[in-house]
Each structure stands twice: as C-alpha cells, then as structure tokens.
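Got your viewer open? Load the model and get ready to pick residues as we go.

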Amino acid sequence: MSTPWWLVLAKVLAVFAFLVLTVLFAIVIERKVLARMQMRPGPNRVGPKGWLQSLADGIKLALKEDIVPAGVDRAIYVMAPVISTVPAITAFAVIPFGPEVSILGHRTDLQLADLPIAVLFILAMSSIGVYGIILAGWSSGSPYPLLGGIRSTAQVISYEVAMGLSFASVFLYAGTMSTSSIVAAQDRIWFAFLLLPSFMVYLTAMVGETNRAPFDLPEAEGELVGGFHTEYSSLKFALFFLAEYINITTVSALAVTLFFGGWHAPFPLNLWAGANQGWWPLLWFTAKVWGFIFMYIWLRATLPRLRYDQFMALGWKILIPVALLWVLLAAVMRSLGNEGYQHWEAVLIAISTLTTLLVLAVLHRRFSAVNTVPDEPASEPVVASEGSFPTPPLPQRNSPRVKEDVNG
C-alpha cells in the first residue's frame, strides 16, 4: 500500500522541524554547558534563564545588514551557503527514527525514505557539502577565506576515507547498506561492542568531518581569521552556521544507527516488552543522539586545537591503516562465524577491546611525548659598553664549527 502524499509531506516537515529545533537547543545548551564547565555564567538574559538566546541570535542575524564585498563572484557567493545547507538536511531523510507506527489509521515507518544504499547516500550528501565550503572560500575574492576553504576541504576529504572504511565492517555484519536493516541487525548486540575499533575510528572521523574542536582548524582565528566564511554576514552566515549544527546532528544520528542499535531501547529498558514498540523508540533515538551532541560539547570544553600536520597525520597514518586492518580481521571473524564456529561473537568482542586499547596506547604515546631539546651550554653574559646596545648571543655560538670558523 502506497503512503498518501499528505503523510509524506508531514514526515518531511517533521524531519525539518526536528533538525531546526535540535540546532536551536544545541546552541544554547552548548553555551550553558561550556559556561558550567569553565565556571562562568552562560546565557541568562533572553527568555527564562536564557533559553531563548539562540532564537534571539537567529533573529539578530536575519535583521543584520547583508554586506557583499567588492570583487566577489556574486552567483557562486550566494549559492555556496545553500550548497552547504541543503545536503546537510537531505542526508537526514534516510535515518530511521523508529519502527512502524499508526498515524491516522495509516501504517508507516518513522523514516522518510528507506534506500537499499542509504549509507552511501549519506556519504554522497556530505561530499556535495564540501563544494559549498570550497566555493565559499573561492568566490569571496580574498586569500584568507580561500586558504580556509582549501584547508577545510582537505580535512573533510581525508576523514571521509577513514569514515567510509569504518562503515565496511558494519556492512559485513549487517549484510546490507540500508539503515533500517542495519538497525534491525542490532536487535541483540550493538555493533559498538562487536566492532569497537570501527566505532572509535568513526567517532574520530565524525568530529574531523564536521570541523569541530579539537579539529576546528579551518577556523583557526590566529591564522585564517574565520575560515571559509570570513566574508559572509547576515542570513548567508546563518546558513553556514545552521549547516554545521545539522551536520553534527546527522553524523550523531548515523553513529546511533550504525553502532548503537538505532531506535532500540538500551539495557535494562529493553527487558520491557513494549520498549521497542509504538512511539517509545523515538525517545530512545533522540536521547542517544543528544548523548553524542553532548560529547561534541565536552570535547570543545576540554581539548586544545591540534596542529594541522598532527591532524592530517592522525587521519592518513593512523586511522586509515587501523580501519583497513580491522576490516580484514572482521572479515575473517565473520567467515568463521558463517562456518559455524562457536563463541565467535565473544571472541570478536575480546579482540575488538584489545585492538582498541592497543591503538589508544599508541595514540597516547604519540601525542603526549614531549620533544626534548638537549640543554645548550650556558653562554657568557653580554656586557654592554657605554653608549652601545646589548646584543644577545647568536644561536649555536658555542658550537665547534663556529669556533673553527672564528679561529681560521
């Protein structure tokens, strides 16, 4: 039985309203949580205890003057924010919110579209969003937005490779790329436990993909002013801001769908027979998504920004090799399970845990090591003669080569 048009339209509006409300609440909650963690007052003026601050900021952005710098490519300059925002919203169409429910006598899934290649559709939408970033930097006619756009594009493309490899093991165990079927395959054990290394790689890649702290390198204020959207104002800047937070919501929902059982109730709520029926799964799904959004806020409050070379090395030299090796190992374990070997799931969980701990140990050793420089011999103090300005000693003044050159 086909779904009536008004029900499809209602689900489209519901998904859009969910994303917009999530962005509004995420902004004010982020500011309040950051203030709490940093022991300072957060938004507390606009609305009851400051809860309308993000709405007021949105209205302020809409009423601000739209300044267009001279020398921009006007058509691309205007289209770039739209190119970033529309794919971010569209990608959420294939995320399942819950099981089949009854709406005004019609049975329908709590999902806008169930595609057989839904995960690839999400990757395609995120790739299209990259065009909005690079075109925004190029069309602004300024070197700093262009550098920020190039840096952001390199960052997103690099971490999309690791993200795609982390999906491969999920496809192996679910046997499908459909998001609803992947959720159904996690009715007993969530893939976050079976495929912990893949989940950790995706967790890191999704933060890098969305340009958030500690990977917010395209917006390094001391280097590139504001990144690719430096020359934007008013509603155009608001669209980039909206796209960023919608992308955060999308990758969080995808993490829930692929690794945390989707709309399935967590333990011990799943012991209740009706926990995964009706409208209750919508509550579990939303709570899981907000758990990942809180993780974004926590990371921003606690971790400093990485250097760009460290960040790219993490993606290409660590995440991608780890994801490749884990896909091979997971394929072997999956084959053993298909051959009827007993307790293969318990063995896989143990191997996943050990692999993750080993990778974390390597990362800790790599990023916490301090490059120590050997102590140089103390140089003689410089005494300034009368009427002269003291000059500090030059580097390597006391090295043997310098002494040989001086002595002839």
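Which residue forms a salt bridge with Glu 30? Select Arg 300: its closest N and O atoms to Glu 30 are 2.7 Å apart. Keep in mind that this is a predicted model. The bridge ties together distant parts of the chain, with Glu 30 in helix α1 and Arg 300 in helix α11 (residues 280–302), 270 residues apart.

Now color by accessibility. Glu 30 has 1% relative accessibility, so it counts as buried. Arg 300 comes out at 41%, so it is partly exposed. Add Arg 212 and Glu 244 to the selection: salt bridges with shared partners join Glu 30, Arg 212, Glu 244 and Arg 300 into one network.

**Along α1**

Stay with Glu 30 and show helix α10 (residues 234–259) as well. α1 and α10 pack at an angle of about 95°, with axes 9 Å apart, which means that α1 is roughly perpendicular to α10. To see the contact, select Phe 18, Leu 19, Thr 22, Val 23, Ala 26, Ile 27 and Glu 30 on the α1 side. Their counterparts in α10 are Phe 241, Leu 242, Tyr 245, Ile 246 and Thr 249. Notice that Glu 30 turns up in this contact as well as in the bridge to Arg 300.

Next, slide to Leu 9, also in α1 (residues 5–37). Show it with Trp 5, Val 8, Val 12 and Leu 13: together they form a nonpolar surface patch with about 510 Å² of accessible area. Leu 9 itself is partly exposed, because its relative accessibility is 43%.

**Two more bridges**

Jump to Arg 305 and Asp 216, whose side chains meet in a salt bridge at 3.1 Å, N to O. This pair spans 89 residues, from Arg 305 in the loop between α11 and α12 (308–338) to Asp 216 in the loop between α8 (196–209) and α9 (221–224). Buried or partly exposed: which is Asp 216? Buried, since its relative accessibility is 17% and the cut-off is under 20%. Arg 305, at 36%, is partly exposed.

Then select Asp 309 and Arg 307, which make a salt bridge at 3.0 Å, N to O. Asp 309 is partly exposed at 45%, and Arg 307 is too, at 49%.

**Zoom out**

The structure has eight salt bridges in total. Switch to cartoon for the 14 helices and two strands of the protein chain. Buried residues make up 42% of its 408 residues. Finish with a surface view: about 22100 Å² is accessible, and carbon and sulfur atoms supply 66% of that.

Methods
Residues are numbered from 1 along each chain as its sequence is written. This is a predicted model: local features need pLDDT of at least 70, side-chain atom pairs count only at pLDDT 80 or more; totals for chains, interfaces and linings use all residues. Side-chain values use heavy atoms; hydrogens and water are left out. Patches are made of residues with over 30% relative accessible area and no salt bridge: like charges are joined within 9 Å, nonpolar side chains (Val, Leu, Ile, Met, Phe, Trp, Tyr) within 5 Å. Accessible areas come from the Shrake-Rupley method with a 1.4 Å probe; for residues, only the protein chains shown count as cover. A salt bridge is a side-chain nitrogen of Lys or Arg within 4 Å of a carboxyl oxygen of Asp or Glu. Helices (H or I, at least four residues) and strands (E, at least two) are DSSP runs, numbered from the N terminus. Buried means under 20% relative accessible area, exposed over 50%, partly exposed in between (1.4 Å probe, protein chains only). Axes are lines fitted to C-alpha atoms, for helices over the stretch in contact, and angles run from 0 to 180 degrees between N-to-C directions. Angles under 35 degrees count as roughly parallel, over 145 as roughly antiparallel, 65 to 115 as roughly perpendicular and the rest as oblique. Contact means heavy atoms within 4.5 Å.
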